[in-house]
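Colleague: Could you take me closely through a single part of this model, the sheet in which parallel strands pair, and then follow the chain outward from there to whatever adjoins or complements that part? I would like one connected account that I can read beside the coordinates.

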Amino acid sequence: ALSATAASPLAPQGEWRPATCQGCTSWCSKEVYVVNGRGVKIRGNARSKVNGSASCPKAHLALQQVYDPDRIKTPMKRTNPNKGRNEDPKFVPITWDEAIETIADKLMELRAANETHKYMLIRGRYTNLNAVLYDRMTKILGSPNNISHSSICAEAEKFGPYYTEGIWGYRQYDILNTRYILCWGADPLSSNRAVSASLRDWGDVLDRAKVAVVEPRLSATAAKADEWLPVIPGGDGAAAVAMAHVILTEGLWFREFVGDFTDGENRFKLGQWVDPESFEEKYTHGLVTWWNMELKDKTPEWAEPLCGIPAEQIRRVAVEFASAAPHVMSWVGGGPCMQVRGAYASMACHALNGLVGACDNVGGALAYSKSFNQGIPDPKEYYDDAAKVGLKNEKIDQRGRLELPSLNGGKSGGGVVTNNTADGILNSDPYDIKVCIAYWNNFPFSSPQGERWERALTKIPFLAHITTNASEFSWFADILLPDTHSMMERWGFVNVSAGGWGHCTLMQPIVDRVWDYKADETEIPWLIAEKLAAKGFDYLQRYFIEQIKDPETGKSPTNEQEFSLYCTKLMTQNYWDPAKYKGGDRFNGWEDFCKAGVWNSDPYKFRARWGKMKTKTGMFEFYSETLKEALASHAEKHGVSIDRVLEVCKYQARGDMAFLPHYEEPYVLGDPNEYPFVLVDYKSRLNREGRSANCSWYHELKDLDPGDEQYQDVAKFNPAEGRRLGLKDGDRIRLTSPVGSIECTAKLWEGVRPGTISKCYGLGHWAYGRLASKVFGKTPLGGNNNDLIPADYDRLSGASVFYGLARLKVEKI
Ligand code: MGD
Ligand code: MGD
Ligand code: SF4
């Protein structure tokens, strides 16, 4: 018989080591099987209460990323002084010393010229260690310009929850205890923020709950759902307020949360004004105002032509959803919100959670679980006079200007307007950017109308890119620094919540680095600080040495590896140090935490936020006093009325309507006669954000996306429309919008709403690697949707718009 003895080939050759996946923002805790320093297999970390041993299909692509032969293996410098898409940078290898020396020289030049604000740090994906490079280093160098990718990611989706219940952040969903899931442009089986856990649990969910999906295309989740509501892009707000109308007229609101008429008689009757005095609210604010001003006439029949969903389906879903209250959820993804008027759709779809008492409730939509990250010390003591002056400058993305309120956290200019940075740079408004360091990002590819980034990056005199792969962004760089891969080669940690649990999961260097990579957020800033100190500016190095010490020994770091480790230990100390225990899993110290790889929170405390929400009234605000205050302060800052702000920002609301969840017509660009279709963009199940197209498995498994084909980039048409256009599967086509065009392949598929073309985001790289591009540096493989999408914003949240904006025409080629 076969037995696995030490000498046998069946004996284990390696060990499972804990890791974290950042392929998407599910941020699962994982384990990697490591043999002789090489990662060979990936599985979920069973110790995590968020994702357990579950994995999604794209987790495994991390192996192909780590061992991608196209990774940058050494620092490089550009030798062609001309920049541009058609200019080969002619990169040549250099040493780390030369690379860092060059960067430090450029930073010192800015200091000598009193232009520290002309330094910019760009962050794409990140771990929580980003505080070092993104925040502290930028500030100590004296620049206000730390620009994150947040608003090409998800800001609009946070708007509704913030201005109704005070959460500027994501929600988690208690799917195992729910009885009805209503998804708005979220596809939890493919994307969003709990993919592994959703895939694991969805079978049980379907046994116990109904699922309805509002989507212009048949998504993976819609394909398994009880109801697919094929919405016209941008019609969500109409469907949501009509559902609210039905819930109120049918008397189905959740009285324990919302309250009731003082005499118990339902006065919410079609078209009838209600006396606010007749209703006593409990944990909400402004329900009757919402009814009187927006809901009373908004029947499903009113909504049907606006959203394209049959009135009887809107009514049925609303009644079944509310009848299962409060163990139900309105799950709002980016689809309805990342639109020009998406802020109000975000409010309208999320407000349903308030009506049915689903927020903070069992089986409902919850805030993220409490976590206990420790910040790193304040840097203010390390600002010199030049830094203090530099920091006072306006930020390059122009956030907070009249036309860009970006009201993150209730503050005018509170959030980044990532994609507008390109215009700030191009127009030197408010000034020009001279030195930029960027990491883990690829804005010419990932941002709408990314061609603006190509021109903006060409204009920056000195650009360094910290990256695993040469990418479209790298093409414009002067220096490339080869980065560690997030999953296996570096320290870091992130927090995420799902299903009522939060976890803090560690990245650790668990495999050997094949080449001389260095970690973006800690090792590289350490090396820069050393060089700057040698050139006479030691503030950054002193901050690192004096403020970031090993919490166990009290020792200061002496090199970049120690610095990286101490940062991680310091910021996670509340999880692993028994003396600092604050809740959740207990550990006996750092080693113990590293072995587990993940800390789990305590169970969720349901209903704890009822009456204590971080809104102005403490209540769930249907009439948002919080938004009223934020808009008033933005308007006052610019000496205009709130109505003027709304007008400049392209919203239709005026007066009090601005503070209420309501429907606004979609703002779509292009003449429908010339451009008859609306683009429906969505993420591939295999997208590790913009980073997986150089993996062979990505192409081989592409038909995991409903309607898609292996090794193809297909634009999907409703079959009747496709036939009318004379299209058949496999035809090569050109899609053109008012701002650009791409080439791809036609596919006729039933899961497409008429009037739309549905196409995955992910392909179309012209400079990523040998599998991602047709000819590296020249010809893309497939087409990048962002070449079709105009650069525009949901200005109240600062979010870039991906949905409901681009009209298209199609030609055979
Ligand atoms: P990525 O496109 O993932 O990030 O957009 P970005 O923040 O620009 O590119 C990351 C780059 O970092 C890679 O190109 C590579 O150069 C480098 N890199 C890859 N792996 C690593 C690594 O492990 N470490 C480091 N340091 N570098 C690495 C993301 C953004 O894209 C997001 S978050 C969303 S949600 C948007 N999604 C989206 C969409 O759904 N549709 C369309 N049309 N556009 C979208 N763009 C947005
Ligand atoms: P998307 O997955 O882009 O965003 O997660 P979500 O916010 O859930 O989904 C947008 C959906 O909206 C698509 O299904 C699209 O078909 C639909 N849609 C388009 N227009 C409309 C419309 O007008 N109305 C409605 N109702 N729907 C519309 C984002 C989250 O996903 C983020 S921010 C990141 S960074 C992660 N990235 C990521 C990834 O790259 N790949 C995968 N597989 N998962 C990911 N998860 C994370
Ligand atoms: Fe989790 Fe996303 Fe990684 Fe999949 S890709 S394992 S869902 S973090």
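Modeller: In this predicted model, strand β9, which covers residues 180-184, is joined to β15 by five bridges, and the two strands run parallel. Within that pairing, isoleucine 181 of β9 has methionine 329 in β15 as its bridge partner. The pair belongs to an open sheet of four strands, whose order is β11-β10-β9-β15 and whose pairing is parallel. Since β11 (227-229) and β15 (328-332) stand at the edges and each has a single partner strand, one side of each is left without a neighbour in the sheet. Neighbouring strands of this sheet are turned against each other by 15° on average, with direction ignored. Helix α7, made of residues 236-249, packs on the sheet and touches β9, β10 (210-214) and β11, while its direction makes about 150° with that of β9.

The approach to the edge strand β15 deserves a look of its own. Proline 326 is placed in the loop between α11 (311-323) and β15, and the peptide bond that joins alanine 325 to proline 326 is cis, with omega about 5°. A second cis peptide bond is found between aspartate 429 and proline 430, where omega is about 20°; proline 430 lies in the loop between α15 (420-426) and β17 (435-439). To these backbone details can be added asparagine 114, a residue other than glycine whose phi is positive, near 55°, and which lies in the loop between α2 (96-112) and β6 (119-123). Such features are worth noting because most residues other than glycine have a negative phi, and most peptide bonds are trans.

From the strands we can turn to enclosed space. The structure holds six cavities of 30 Å³ or more, and the second largest cavity contains about 100 Å³ of space. It is lined by 14 residues, of which Gly234, Pro336, Arg341, Ala345 and Glu664 are the closest to its centre. Helix α13, residues 342-355, gives the most to this lining, with three residues. By kind, the lining of the second largest cavity divides into six nonpolar, five polar and three charged residues.

At the level of domains, the assignment for the chain gives domain 1 as 156-369 and domain 2 as 677-812. The centres of the two domains, taken over C-alpha atoms, are separated by 29 Å, and 28 residues of domain 1 are in contact with 25 residues of domain 2.

An open space is described by the second largest pocket, which holds about 460 Å³. Of the 26 residues that line this pocket, Glu743, Pro780, Leu781, Gly782 and Gly783 are the closest to its centre. At least two residues of the lining are supplied by each of α25 (696-700), β26 (732-737), β27 (740-748) and β30 (779-780), and the largest share, five residues, comes from β27. The lining of the second largest pocket divides into eight nonpolar, 10 polar and eight charged residues.

To set beside the parallel sheet, there is an open sheet of three strands with the order β1-β2-β3, in which the pairing is antiparallel. Its edge strands are β1 (15-20) and β3 (38-44), each of which pairs on one side only, and the twist averages 35° from one strand to the next. Strand β2, residues 29-35, is joined to β3 by six bridges, and these two strands run antiparallel; within this part, lysine 30 stands opposite glycine 44 in β3. Both arrangements fit the general rule, since strands of a sheet pair through backbone hydrogen bonds, either parallel or antiparallel.

To return to the part you asked about, the sheet is best read from β9, with its five bridges to β15, then across the order β11-β10-β9-β15, and finally to helix α7, which packs on the sheet.

How values were computed. Residues numbered from 1 in each chain as written. Chains lettered and ligands numbered in written order. Predicted model: local features only at pLDDT ≥ 70, side-chain atom pairs only at ≥ 80, totals over all residues. Heavy atoms only, no water. Pairing = 2+ DSSP bridges. Axes fitted to C-alpha atoms, helices over the stretch in contact; angles between N-to-C directions. Contact = heavy atoms within 4.5 Å. 1 Å grid on protein atoms, 1.4 Å probe; cavity = no way out; pocket = protein on both sides within 12 Å on 5 of 7 lines; lining within 4 Å. Points joined across faces, edges and corners; volume = space filled by probe spheres on them. Nonpolar A, V, L, I, M, F, W, Y, C, P; charged D, E, K, R; others polar. Domains from an automatic or database assignment.
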